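Hi,

Here is the structure we talked about. Please open it first, then read my notes below with the model in view.

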Amino acid sequence: MKTVRPSAPQLEGLVPYDPKYLPARVMLSANENSQSLPPEVEERILAELKGFAFNRYPDPLANDLRDAIAARNGLKRGNVLLGNAGDELLFDFALAWGGPGRKLLNIVPTFSVYAANARLTGTEVVEVSRKADYSLDEQAILDRMAQGDIDQVVITTPNNPTGGIASREFIVNLLNASDALVMADEAYIEFAGESCVDLLAEHENLIILRTFSKAYSCAGVRLGYVLANESVITELVKVRQPYSVDAVSQVIGRAVVANLELFEPRIEAIKQQRDLMIQKLRQIPQVQDVYDSQANFILVRVPQADRVWELLYEAGILVRDFSRSRGLEGCLRLSVGLAEENQLLMDELARILSELR
Ligand SMILES: *Cc1c(COP(=O)(O)O)cnc(C)c1O
């Protein structure tokens with residue numbers, strides 16, 4: 001038998017993204033919505049799937065869904081591009097604005113997918129660190145941008161896994177600092193407040209990423225989109241997979257967008273639970289840090305974080321262990337779930353920490 005020659009050089013030593021997918025009774029590790037779709041939305045989807053043309057290729061650009069999303073955002077079809085969730089669009093962003101000889105500014109710690117995509121596409125990664133409290137070092141970022149050699153930057157607002165937002169004023173300054181393409185990753189914006197979508201009118205170098213996976217209960221569907229000026233969308237269309245958004249996902253997306261108001265009370269409840277959890281976490285004496293969050297998760301620092309993660313898992317609760325990630329030593333990320341799930345997590349965490357030796 002012949003051996004095989006080595007794979008592409010950029011794959012050497014690369015560790016695939018590991019979402020730490022493990023089944024558990026209480027899943028609070030992936031910032032999913034603990035509730036599935038509202039029954040009315042589910043019924044509409046099931047009705048549309050009866051007698052559905054599964055044999056036909058989907059509309060490649062999902063134009064009906066583009067129109068619906070554009071209308072919701074005061075934009076036109078040409079300002080919207082759908083993808084196989086945010087992850088695919090992040091990869092398209094890396095392909096279209098990165099590549100050999102080009103640079104991504106990565107503001108760390110943040111979502112690890114940006115750096116992984118840069119590596120796969122041969123893009124150089126330039127890092128600027130957040131401050132010790134994980135707030136943005138705005139001046140350091142603007143100074144680095146002003147050097148003019150950065151091609152793309154992602155500003156995650158709210159940031160995953162630290163939870164804080166970027167101010168509108170800072171985003172404007174970032175857009176004005178150079179002609180690099182600035183992605184505002186708004187995966188969690190529904191839990192935070194105002195989007196920067198209105199800035200698209202004045203800034204050709206802005207692109208906004210959104211997903212159906214978090215606030216809209218569709219992590220299992222794989223649907224996301226970007227909002228940008230047409231000149232940017234045109235370039236992304238060149239690199240995207242033509243049929244990446246399947247026909248069933250398009251049906252689901254249209255049903256969700258037609259019923260966004262049904263999600264509002266649920267989003268409100270998650271925000272209330274988050275604020276309550278932050279209060280309760282601050283009352284557990286062994287918890288060293290609880291970071292303010294505008295998202296549906298909370299980053300905490302605890303002693304023996306990896307042991308605490310294990311004991312929570314043994315108690316049937318899965319959270320995300322970041323304690324071995326650079327800049328996040330000792331940290332666990334707790335997704336906000338249903339009231340009873342959160343209560344169980346608080347009780348078990350308090351118990352485990354009080355029994356640690
Ligand atoms: C979850 C997430 C995404 C996108 O997730 P998809 O499920 O691929 O849409 C993008 N950015 C951040 C920061 C996220 O946390």
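The second largest pocket has a volume of about 420 Å³. Keep in mind that this is a predicted model. In all, 19 residues line this pocket. Glu190, Arg210, Tyr216, Tyr225 and Leu260 are the ones nearest its centre. Start there when you look.

Which elements build the wall of this pocket, with at least two residues each? They are helix 2 (63–72), strand 7 (206–211), helix 8 (247–257) and helix 9 (264–282). Helix 9 contributes the most, with 4 residues. By class, the lining of this second largest pocket is mixed: 9 nonpolar, 4 polar and 6 charged residues.

Next, the cavity. The structure has 1 cavity of 30 Å³ or more. Its volume is about 40 Å³. Leu90, Phe93, Ala94, Leu104, Tyr114, Asn117, Ala118 and Gln152 line the cavity. Helix 3 (85–97) and helix 4 (113–120) each give at least two residues to that lining. How many charged residues does the lining of the cavity have? It has none; the count is 6 nonpolar and 2 polar.

Now the nonpolar cores. In soluble globular proteins, nonpolar side chains tend to be buried together. Here the largest nonpolar core holds 85 residues. Val256 and Leu334 touch the most other members of that core. Take Val256 as an example. Setting aside neighbours within four places in sequence, Val256 contacts Leu37, Val41, Phe212, Tyr216, Cys218 and Phe263. You have met Tyr216 already, as one of the residues nearest the centre of the second largest pocket. There is also a second, separate core of 20 residues. Its members include Phe93, Leu104, Ala118 and Ile207. Phe93, Leu104 and Ala118 are also among the residues that line the cavity.

Leu334 takes us to strand 13, residues 331–335. Is this strand buried or exposed? It is mostly covered, with 5 of its 5 residues buried. Cys331, Arg333 and Ser335 point one way from the strand. Leu332 and Leu334 point the other way.

Strand 13 has antiparallel partners. Strand 10 (residues 297–301) is joined to strand 13 by 5 bridges. In that pairing, Arg301 has Cys331 as its bridge partner. Strand 12 (residues 320–321) also runs antiparallel to strand 13, with 2 bridges. There, Asp321 stands opposite Leu332.

Send me your questions once you have looked around.

Best wishes

Technical notes
Residues numbered from 1 in each chain as written. Predicted model: local features only at pLDDT ≥ 70, side-chain atom pairs only at ≥ 80, totals over all residues. Heavy atoms only, no water. 1 Å grid on protein atoms, 1.4 Å probe; cavity = no way out; pocket = protein on both sides within 12 Å on 5 of 7 lines; lining within 4 Å. Points joined across faces, edges and corners; volume = space filled by probe spheres on them. Nonpolar A, V, L, I, M, F, W, Y, C, P; charged D, E, K, R; others polar. Core = buried A, V, L, I, M, F, W, Y, C linked by side-chain atoms within 4.5 Å. Buried < 20%, exposed > 50% of the residue type's maximum accessible area, 1.4 Å probe, protein only. Contact = heavy atoms within 4.5 Å. Pairing = 2+ DSSP bridges.
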